[in-house]
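Q: I am new to this structure and would like to go through it step by step. May I put some short questions to you?

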Amino acid sequence: MTEIVMNQSEIAAEIAARLREEVAAAVKARDVGVATSAPVAEGEGSFGDFLKCVATNDVQRLRAVYKSSKALDETTGAGGGFLVPTQFEERIRAVGAPMLFDQLVAAGRGPLMLRTNTAELALPVLEQDQIPNVESSSLVGGVRLVWREQSADVAESEPKFEQRIFRPHAADAYVAAATELITDAPQALEDTLVSLFGRAYAVLKARVMLRGTGVGQPRGIVGHPAAISVARATGSSSQADNDTNTILAMIQRLLPGSATAVWIAHPFWRARLMATRLSETLLYTVNGQSLVYGDTLAGIPIAYSEHLPAVTGAGSLILADLSYYAMVERAGFSVAFSEHVRFLKRQSVWLFGVRIDGAPLINAPLILADGAGTNTVSPFVEIAAGQ
């Protein structure tokens, strides 16, 4: 064995170097407010461990292992929660796959989905709600090709645009759990919290797309000025015949060329819709292939949502081309933790946050270029109140 001989000055220098390293480590741990964490290779973490790091404010580990940083709230300037790492965000989103909103998107019949890293997103949108020239169409914002004689000047024909501003609104999910469970077994909460938050977000998107008020949240389709309300037929002796006539009237008012249209109905509509028919042909077909929900009405896929009004209410049945609806997400979920909110119950709280905005891309029904000036269609057609 080789003997290492150090003189007194070398030993003193070595001790001083070790002390400097220990002091630097202690200062760094104090600055972030946590004890130094053992280094962990990227990919070895879990959502449960991530939640525990948030709960213990282990900023060093959150940055080193999960590449997570603080999410800031522009409305207050206060620090928000921590941004959820991409791999966990994808798991949370995947939970919503069997639910209405995600099914519509997966089937190519959902809204226009956009993401932004900024506080707002401006979209140029064609003004399609003006009376069009008979040689043009509202669908193209009034642009038309104008006939001209040889050597004559080209007539003016410009599209009309407006700017839509989307400002993602904050929405939070509040989840409480026993303090002992968080301390002893945070991984046990992982699947539960992923499932709860993923489903809650899918429900939120469906709810606001259909019935959002537009005040502090996205604006929904039902009752929007761009939607056409169709009165329920009452002239036939049977409810099935009246429902059939109502459905045909709704189809007539749908925007022509809406190849991705979908029916969305309150669940209690299903039995009534299954009785509709044209002559001897049922309008309702079970097990269609366009959506996992499986049914079609007049050849158009139909899905059901508990977030629509009850059967007798206005908007309980809608026919929509959701490509005319835009939903904007602020990139990244966030998660915050507090052990004080429910201190006396010995519970701690996680607060999950998202930010979204959404609205139809037209302001009013579109006027047909048939010269009448009053015949309108829309990508959003809803049933009026009635029996």
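Q: Leaving aside its neighbours within four places in sequence, which residues is Phe-380 in contact with?
A: This is a predicted model. In it, Phe-380 is in contact with Ile-221, Ala-226, Ala-227, Ile-228, Leu-319, Ala-320, Asp-321, Leu-322, Tyr-324, Tyr-325 and Pro-360, leaving aside neighbours within four places in sequence.

Q: And which residues of the largest nonpolar core touch the most other members?
A: Phe-380 is one of them, together with Phe-47, Phe-50 and Met-209; the core has 50 residues. Helix α7 supplies the largest share of this core, with 8 residues. Apart from this core lies another one of 21 residues, including Ile-247, Leu-283, Tyr-304 and Leu-317.

Q: What is the general background to such cores?
A: Nonpolar side chains tend to be buried together in soluble globular proteins.

Q: Changing topic: how many aromatic pairs are there?
A: The count comes to 3 aromatic pairs. One of these is formed by Phe-197 and Phe-352, which are stacked, at 4.7 Å centre to centre and with 25° between the planes.

Q: Which parts does that pair tie together?
A: Phe-197 lies in helix α7 (residues 190–211) and Phe-352 in strand β17 (residues 347–360), so the pair ties together parts that are 155 residues apart in sequence.

Q: Are those two buried or exposed?
A: Phe-197 counts as buried because its relative accessibility is 5%, under the cut-off of 20%. Phe-352 also counts as buried, at 1% relative accessibility.

Q: What about the pair of Tyr-201 and Phe-333: how are the rings placed?
A: Tyr-201 and Phe-333 are edge-to-face, at 5.2 Å centre to centre and with 75° between the planes. This pair links distant parts of the chain, 132 residues apart: Tyr-201 is in helix α7, while Phe-333 is in the loop between β15 (325–330) and β16 (334–342). Tyr-201 is buried, with a relative accessible area of 4%, and Phe-333 is buried as well, with 1%.

Q: Which residues form the aromatic cluster?
A: Phe-197, Tyr-201, Phe-333 and Phe-352 form one aromatic cluster.

Q: Now a charged residue: where is Glu-382 found?
A: Glu-382 is found in strand β20, which covers residues 380–383.

Q: Which side chain of opposite charge is nearest to Glu-382?
A: That is Arg-219, 8.0 Å away. Glu-382 is buried yet has no salt bridge.

Q: What does Glu-382 touch, then?
A: Not counting residues up to four places away in sequence, Glu-382 touches Ile-221, Val-222, Gly-223, Ala-227, Ile-228, Ser-229, Val-230, Met-250, Gly-315, Leu-317 and Ile-318.

Note on methods:
Residues numbered from 1 in each chain as written. Predicted model: local features only at pLDDT ≥ 70, side-chain atom pairs only at ≥ 80, totals over all residues. Heavy atoms only, no water. Phe/Tyr/Trp six-rings, centres within 6.5 Å; stacked < 30°, edge-to-face > 60°. Helix = DSSP H or I, 4+ residues; strand = E, 2+ residues; numbered from the N terminus. Buried < 20%, exposed > 50% of the residue type's maximum accessible area, 1.4 Å probe, protein only. Lys, Arg positive; Asp, Glu negative; His and termini not counted. Salt bridge = Lys/Arg side-chain N within 4 Å of Asp/Glu carboxyl O. Contact = heavy atoms within 4.5 Å. Core = buried A, V, L, I, M, F, W, Y, C linked by side-chain atoms within 4.5 Å.
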